[in-house]
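I opened this notebook page to look up two things: the enclosed empty space and the surroundings of the ligand.

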Amino acid sequence: MRGKTNLIKIIKIPEIFDDCCLYFAQTKDHIPFSIKRVYYITKAVTKYPRGFHAHYKNRQVLFCIQGNLEMVLDNGKRKEKIILNKPNEGLLIDRLIWHEMHGFKKDTILLVLSSAVFDPKDYIRDYQKFLKIANGKKAS
Ligand code: TYD
């Protein structure tokens with residue numbers, strides 16, 4: 001895993017070039033959790049950012065397998081941004097990291113590997129509540 005800071009953690013996965021480009025990611029070697037769910041986002045529109053939440057428990061690795069978008073990560077103390085545009089680079093989003101996805105270029109495909117099955121109760125969608133939880137204060 002390579003990372004500019006503690007907040008941005010990039011996982012590089014193997015790429016095999018023959019008559020195509022083939023990428024693979026597997027638990028333990030590349031993904032630091034058992035993969036329980038896979039989802040992907042297509043046809044996102046540049047003017048509509050997505051995300052704006054954190055998870056209590058779920059951990060995710062995001063791969064921009066086509067196109068380009070900007071991720072904003074926030075741990076309640078500081079924010080960092082990174083452009084995702086390389087299919088061999090996954091961004092780890094750990095527990096209690098507020099994340100936003102901005103500026104989806106046309107035809108971007110975002111593939112997400114998740115440590116848990118979908119659970120709406122695992123979402124924190126209120127930013128003020130997130131700040132309290134992330135900074136160790138009791139959220140009402
Ligand atoms: P959400 O996670 O808020 O999307 P984003 O982070 O891209 O803004 O999910 C959008 C909607 O899709 C929301 O109603 C929940 C639903 N959803 C599922 O039902 N299952 C899933 O695995 C995911 C990721 C979302």
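I take a cavity to be a set of grid points where a 1.4 Å probe fits but cannot get out, and I count a residue as lining if one of its atoms lies within 4 Å of a point. The model I am reading is predicted.

Entry one, the cavity. With the cut-off set at 30 Å³ or more, I find one cavity, and the volume I note for the largest cavity is about 40 Å³. Its lining consists of R37, H55, N58, A116, V117, F118, D119, D122 and Y123. Sorted by class, I have four nonpolar, two polar and three charged residues in that lining.

Entry two, the ligand shell. Around the ligand I list R37, Y39, I41, R50, G51, H53, M101, F118, Y123 and R125, which divide by class into five nonpolar, two polar and three charged residues. Looking at the strands, I note that β4 (37-41) and β5 (50-55) each contribute at least two residues to this shell.

Entry three, polar contacts. Which atoms of R37, R50 and G51 did I find beside oxygen atoms of the ligand? For R37 it is a polar side-chain atom, 2.5 Å from a ligand oxygen, and for R50 again a polar side-chain atom, at 2.7 Å from an oxygen atom of the ligand. G51, by contrast, comes to 2.8 Å from a ligand oxygen with a backbone N or O atom. Of the 530 Å² of accessible area that the ligand has on its own, I record 62% as covered by the protein.

Entry four, cross-check. I see R37, F118 and Y123 in the cavity lining, and I see R37, F118 and Y123 again around the ligand.

Key:
Residues numbered from 1 in each chain as written. Predicted model: local features only at pLDDT ≥ 70, side-chain atom pairs only at ≥ 80, totals over all residues. Heavy atoms only, no water. 1 Å grid on protein atoms, 1.4 Å probe; cavity = no way out; pocket = protein on both sides within 12 Å on 5 of 7 lines; lining within 4 Å. Points joined across faces, edges and corners; volume = space filled by probe spheres on them. Nonpolar A, V, L, I, M, F, W, Y, C, P; charged D, E, K, R; others polar. Near = heavy atom within 4 Å. Polar contact = N/O pair within 3.5 Å; in protein donor to acceptor, adjacent residues only side chain to side chain. Areas by Shrake-Rupley, 256 points an atom, 1.4 Å probe, with all protein chains shown as cover. Helix = DSSP H or I, 4+ residues; strand = E, 2+ residues; numbered from the N terminus.
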